[in-house]
Amino acid sequence: MASSTQYLTLVLSTLLVSAAHGQLSANFYATSCPRLQTVVRSVMTQAVNSDRRMGASILRIFFHDCFVNGCDASVLLDDTSSFTGEKTAGPNANSLRGFEVIDNIKTQVEAACNGTVSCADILALAARDGVFLLNGPSWTVPLGRRDARTASLSAANSQIPGPGSSLSTLITRFSAKGLSASDMTVLSGSHTIGQAQCTTFRNRIYNDANIDSAFATTRKANCPSSGGDGNLAPLDIQTPTRFGNNYYQNLVARRGLLHSDQELFNNGSQDSLVRTYSQNNGRFTSDFAAAMIKMGNISPLTGSNGEIRRNCRRLN
């Protein structure tokens, strides 16, 4: 049996390792801001009830944040005369939406416990709640992130996978963030909710071979070969405001809206997993929740790194 001295050494060693890896904790705000999750859920409920697309929009902001220097709320920063953020990057400009919802949450959280909760943690919780409010799974969000004091327009342009990505590119981009090919496939299931602009799927419906012809014809009605770039179509034609495995059923039927979606089921390494998810919604939702936790752990700022922004759009 270990002596008390050996035990203390082990505990201290564990704490040092945890600190070194920026350990997050579900109970991080249990004392300092006990109403945090209630406030976030309340604002997100109002937002989703007002606009069912908002759950998908907040989830997408979270993805785009985590893929650029980690989950640090850098994507929320506005450009100024002396600072360039990430909102004008190709994957984000005229595309990301819902920033005002995060602002509303931040305002109410500040009223409950000012200067305590990071925008990065608010975004992580809001993304979870957006999924849950659209009939998706819930999960325990590890907390304790701090907010970046920098942003990277170049990384936002080069590291976020695009709608025309090949399977190999998707796997490579996710792998660079510590996410496996399986993580990539289940996280792509976020496209069971939300909408996409014509410009992101035009090439697929007019030029791809691996597409159901009736589906392509349907989509062409609202996405002409030229013009109408901003016209919207549901990423999941069946249930665009209800989280579930229809996305994978569509892939099996060659009805993925984006080229990058259909790449997951195109005689490649992910075909078997796509088929599994198409037949087992419980497996999809449980794997999705686990992958969201893993993605939320990408390079968080903790301890004395970064800051706790008073306003998510600008540095303190």
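Me: Which residues lie nearest the centre of the largest pocket, and how many residues line it?

Reply: Arg60, His64, Ser95, His191 and Leu258 lie nearest the centre, and the full lining comes to 40 residues. The model is predicted: local features need pLDDT of at least 70 and side-chain atom pairs count only at pLDDT 80 or more, while totals for chains, interfaces and linings use all residues. Residues are numbered from 1 along each chain as its sequence is written, and side-chain values use heavy atoms, with hydrogens and water left out.

Me: What makes a space a pocket or a cavity?

Reply: On a 1 Å grid over the protein atoms alone, a cavity is a set of points where a 1.4 Å probe fits but cannot get out, whereas a pocket is an open set with protein on both sides within 12 Å along at least five of seven lines; lining residues have an atom within 4 Å of a point. The largest pocket has a volume of about 930 Å³, and one cavity of 30 Å³ or more is counted.

Me: Which element gives the most to the lining of the largest pocket?

Reply: That is H3, with six residues. Helix H7 (167-175), helix H8 (181-187) and strand S1 (195-197) are among the other elements that give two or more. By class, the lining has 21 nonpolar, 15 polar and four charged residues.

Me: How much space lies in the largest cavity, and which residues line it?

Reply: About 50 Å³. Phe62, Ala124, Trp139, Val141, Pro142, Arg145, Met292, Ile293 and Gly296 form its lining, and H14 supplies the largest share, three residues.

Me: How do you know the classes of the residues that line the largest cavity?

Reply: Ala, Val, Leu, Ile, Met, Phe, Trp, Tyr, Cys and Pro count as nonpolar, Asp, Glu, Lys and Arg as charged, and the others, Gly among them, as polar. Set against that rule, Arg145 is charged and Gly296 is polar, and the totals are seven nonpolar, one polar and one charged.

Me: Why are H3 and H14 called oblique to each other?

Reply: The axes of H3 (residues 54-66) and H14 (residues 281-296) come within 10 Å and cross at roughly 45 degrees. Angles under 35 degrees count as roughly parallel, over 145 as roughly antiparallel, 65 to 115 as roughly perpendicular and the rest as oblique. The value of roughly 45 degrees falls in the rest, so the two helices are oblique. Leu59, Phe62, Phe63 and Cys66 of H3 meet Phe288, Met292, Met295 and Gly296 of H14, with contact meaning heavy atoms within 4.5 Å.

Me: What makes H9 and H10 oblique to each other?

Reply: Their axes come within 9 Å and cross at roughly 135 degrees. That angle is not over 145 and lies outside 65 to 115, so H9 and H10 are oblique. Phe201, Ile205 and Tyr206 in H9 meet Ala216, Arg219 and Lys220 in H10, giving four nonpolar, no polar and two charged residues.

Me: And why are H13 and H14 called roughly perpendicular?

Reply: H13 (residues 271-279) and H14 have axes that come within 5 Å and cross at roughly 115 degrees. The roughly perpendicular range runs from 65 to 115, so the pair belongs there. Leu273, Thr276, Tyr277 and Gln279 in H13 meet Asn281, Arg283, Phe284 and Asp287 in H14; these divide into three nonpolar, three polar and two charged.

Conventions
Axes fitted to C-alpha atoms, helices over the stretch in contact; angles between N-to-C directions. Helix = DSSP H or I, 4+ residues; strand = E, 2+ residues; numbered from the N terminus. Points joined across faces, edges and corners; volume = space filled by probe spheres on them.
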